[in-house]
Amino acid sequence: MTSNIHWMIAAAGTDAQHTRQAGFSCVHFCSRVSEDGTFSLTALPASSRGDYLGIADSRGIPKHSAVFAREAVSAAQNRHCAGILADFERPLLQELTTCLDREAQQQGLTLFIPLALAEYAPHATVIADTAISGGCLEEYFSDLLSRFGAERLAAQLTCSCMDFPLPCASPNGTVLSAEQFQALRQATGSTVFFSRELCAKYFTYTRSDQAHFVLFDDADTLQAKAQLLTRLGIQCLLAVYPDAKAMKLF
């Protein structure tokens with residue numbers, strides 16, 4: 001499953017070492033948008049050549065987006081990173097996204113940004129989540145491929161779990177932790193099914209006369225999604241280390 005895929009794994013410490021030893025790119029989330037809106041860097045590992053600098057969002061409001069972008073790109077270059085992954089979606093970060101896109105493109109670095117900010121970064125690679133609650137995953141990514149092309153599209157694989165009341169008008173349910181999910185499975189004893197359209201597993205239950213639909217991923221569904229995406233022509237996949245390990249990439 002891994003031969004033609006560019007895997008990017010978010011990891012730290014010994015997990016990052018295992019990621020690199022396995023031949024995968026590592027995303028180091030060691031920088032952030034600080035509370036005062038400036039670029040804040042903790043410490044990139046010395047051996048980060050070819051990896052990616054991850055920027056987390058601490059809810060600050062950037063005051064000087066161009067300066068922030070130059071500092072972020074400089075930090076990535078100093079550690080010989082291949083690019084930057086900006087993990088934020090707030091509307092207030094639109095200007096910062098544009099500045100990062102311009103600076104990264106000028107310096108020859110690849111910038112990854114969430115789908116929600118795609119219009120503000122015409123040179124960046126767009127990250128689309130594979131956890132959808134309606135429609136068809138294959139059709140969804142086929143449409144994204146038509147919009148961005150395979151060279152500008154990456155897919156995020158995440159072991160997500162959400163509980164939806166039925167009927168539900170929102171595409172987002174209540175997020176369940178692993179402990180909540182296991183407790184609910186044991187309490188309901190519901191039969192689990194596989195949705196070919198969503199490429200995810202689900203079960204239903206009723207509590208206090210309210211029907212519920214629980215949609216979730218595990219190692220099997222993540223592997224199935226990876227196979228579907230690569231068949232469509234998407235070659236860049238992202239995951240956090242525990243999910244990558246569950247998929248037996250290591």
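Me: Which residues of α2 meet residues of α3, and what makes this a contact?
Reply: In this predicted model, Ser65, Ala66, Phe68, Ala69, Arg70, Ala72 and Val73 in α2 meet Glu95, Leu96, Cys99, Leu100, Glu103 and Ala104 in α3. Contact means heavy atoms within 4.5 Å. By class, this contact has 9 nonpolar, 1 polar and 3 charged residues (Ala, Val, Leu, Ile, Met, Phe, Trp, Tyr, Cys and Pro count as nonpolar, Asp, Glu, Lys and Arg as charged, and the others, Gly among them, as polar).

Me: Why are α2 and α3 called oblique to each other?
Reply: Helix α2 (residues 65-78) and helix α3 (residues 94-106) pack at an angle of about 45 degrees, with their axes 8 Å apart. Angles under 35 degrees count as roughly parallel, over 145 as roughly antiparallel, 65 to 115 as roughly perpendicular and the rest as oblique. The two helices are therefore oblique. Their crossing is right-handed, the near helix being turned clockwise from the far one by less than a right angle.

Me: What is the handedness of the crossing of α4 and α6, and which residues meet there?
Reply: This crossing is right-handed as well. Helix α4 (residues 137-148) and helix α6 (residues 219-232) pack at about 35 degrees, with axes 10 Å apart. Leu137, Glu138, Phe141, Ser142 and Leu145 in α4 meet Lys225, Leu228, Leu229, Arg231 and Leu232 in α6. The classes here are 6 nonpolar, 1 polar and 3 charged residues.

Me: Why does Ala239 count as buried or exposed?
Reply: Buried means under 20% relative accessible area, exposed over 50%, partly exposed in between (1.4 Å probe, protein chains only). Ala239 has 3% relative accessibility, so Ala239 counts as buried. Ala239 lies in strand β14 (residues 236-240). Beyond its neighbours within four places in sequence, Ala239 is in contact with residues including Trp7, Ile9, Leu157 and Met247. Of the 250 residues of the chain, 48% count as buried.

Me: How do you know how compact the protein chain is?
Reply: The radius of gyration, taken over C-alpha atoms, is 19 Å, close to the 18 Å of the globule rule for 250 residues, so the chain is as compact as a globular protein of that length. The rule is 2.2 Å times the number of residues to the power 0.38. The chain has 7 helices and 14 strands (DSSP runs: helices are H or I, at least four residues; strands are E, at least two).

Me: What lies behind these values?
Reply: Residues are numbered from 1 along each chain as its sequence is written, and side-chain values use heavy atoms, without hydrogens and water. Local features need pLDDT of at least 70 and side-chain atom pairs count only at pLDDT 80 or more, whereas totals for chains, interfaces and linings use all residues.

Definitions and conventions: Axes fitted to C-alpha atoms, helices over the stretch in contact; angles between N-to-C directions.
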